[in-house]
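User: Please take a close look at one part of this structure, the shell around the ligand. Then connect that part to the rest of the protein.

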Amino acid sequence: MSGQNSDPMVELKRRAAEEAAAMVQDGMAVGLGTGSTAALMIDALGRRWADGLRFVGIPTSERSAEQARALGITLVDFSTHARLDLAIDGADEVERGSLDLIKGLGGALLREKIVAAAARRFVVIVDEGKLVDHLGSRSPVPVEVTPFGWESTARQLGELGARVALRIKRDGELFVTDGGNLILDCAFGPIEDPRALEAAIGDIVGVIESGLFVHRTSEVIVAGRQGLTRLVAA
Ligand SMILES: O=C[C@H](O)[C@H](O)[C@H](O)COP(=O)(O)O
């Protein structure tokens, strides 16, 4: 992920990732997100680590763990760090105003949500194309479910008004999360009340977690063609 890229938006996302990485201070416990934008941030942290910054990280996926480890970053878990100073991650959609999110198109939503919930500050980095007026406008809501009975779980998610698709990889194999579960991508269209929908999804037996992140975001760093913008939760 390191090195120069000729795509101007990737360069802007790299700047946003660097700005987020600059928030990490010596001695912090930091949640390390997942996805292409979070990978730019982990790269930026790797450069700071090489310059002498010392912190510990809890990764939100095996992918991010591997990347961080390769950069020499010390990784820990919740047994020693039940509370994190900061977590930094990408998102699939960010609702203007509320800064509520949809996450999980990369399949890491469960660990990402656990890490975000444990963090004193949760900072999100996105490009401006991820900003929406209503969550669900473009992205489905990924829902992690147990493999046992997933068809029944899918039917109940459908009854909430979603078009439900079991996630399959490009090679035709089932997508299986780091936790060994399945993902149901639930297209609801624009969501009027994300908090109520998150609760309704969570009530369905077989659901482990949804990719709706409501009232969790502290700050969003947006990479746009005009430069970087910081949006702060009210
Ligand atoms: O499960 C994946 C995560 O929620 C990602 O943070 C999200 O999908 C955004 O990824 P990207 O930065 O690659 O668009």
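Which helix gives the most to the shell around the ligand?

Analyst: The model is predicted: local features need pLDDT of at least 70, side-chain atom pairs count only at pLDDT 80 or more, and totals for chains, interfaces and linings use all residues. Numbering starts from 1 along each chain as its sequence is written.

H2 gives the most, with three residues. Helices here are DSSP runs of H or I, at least four residues, numbered from the N terminus. H2 spans 36–50, and H4 spans 109–118; each supplies at least two residues of the shell.

The ligand has 18 residues around it. A residue counts as near if its C-beta atom, placed from the backbone, lies within 6 Å. Gly 35, Ser 36, Thr 37, Gly 90 and Gly 106 come nearest. By class, the shell holds nine polar, five nonpolar and four charged residues. Asp, Glu, Lys and Arg count as charged; Ala, Val, Leu, Ile, Met, Phe, Trp, Tyr, Cys and Pro as nonpolar; the others, Gly among them, as polar.

Gly 90 also touches Val 124: the two are in contact, with C-beta atoms, placed from the backbone, within 7 Å. Asp 89, Ala 91 and Leu 101 are among the other contacts of Val 124.

H4 has a second role in the layout. The protein is divided into domain 1 (8–133 + 214–232) and domain 2 (141–206), with bounds from an automatic or database domain assignment. 12 residues of domain 1 are in contact with 11 of domain 2. H4 gives the most to the domain 1 side, with three residues. That side has six nonpolar, three polar and three charged residues.

Note on methods: Lists of a residue's contacts leave out its neighbours within four places in sequence.
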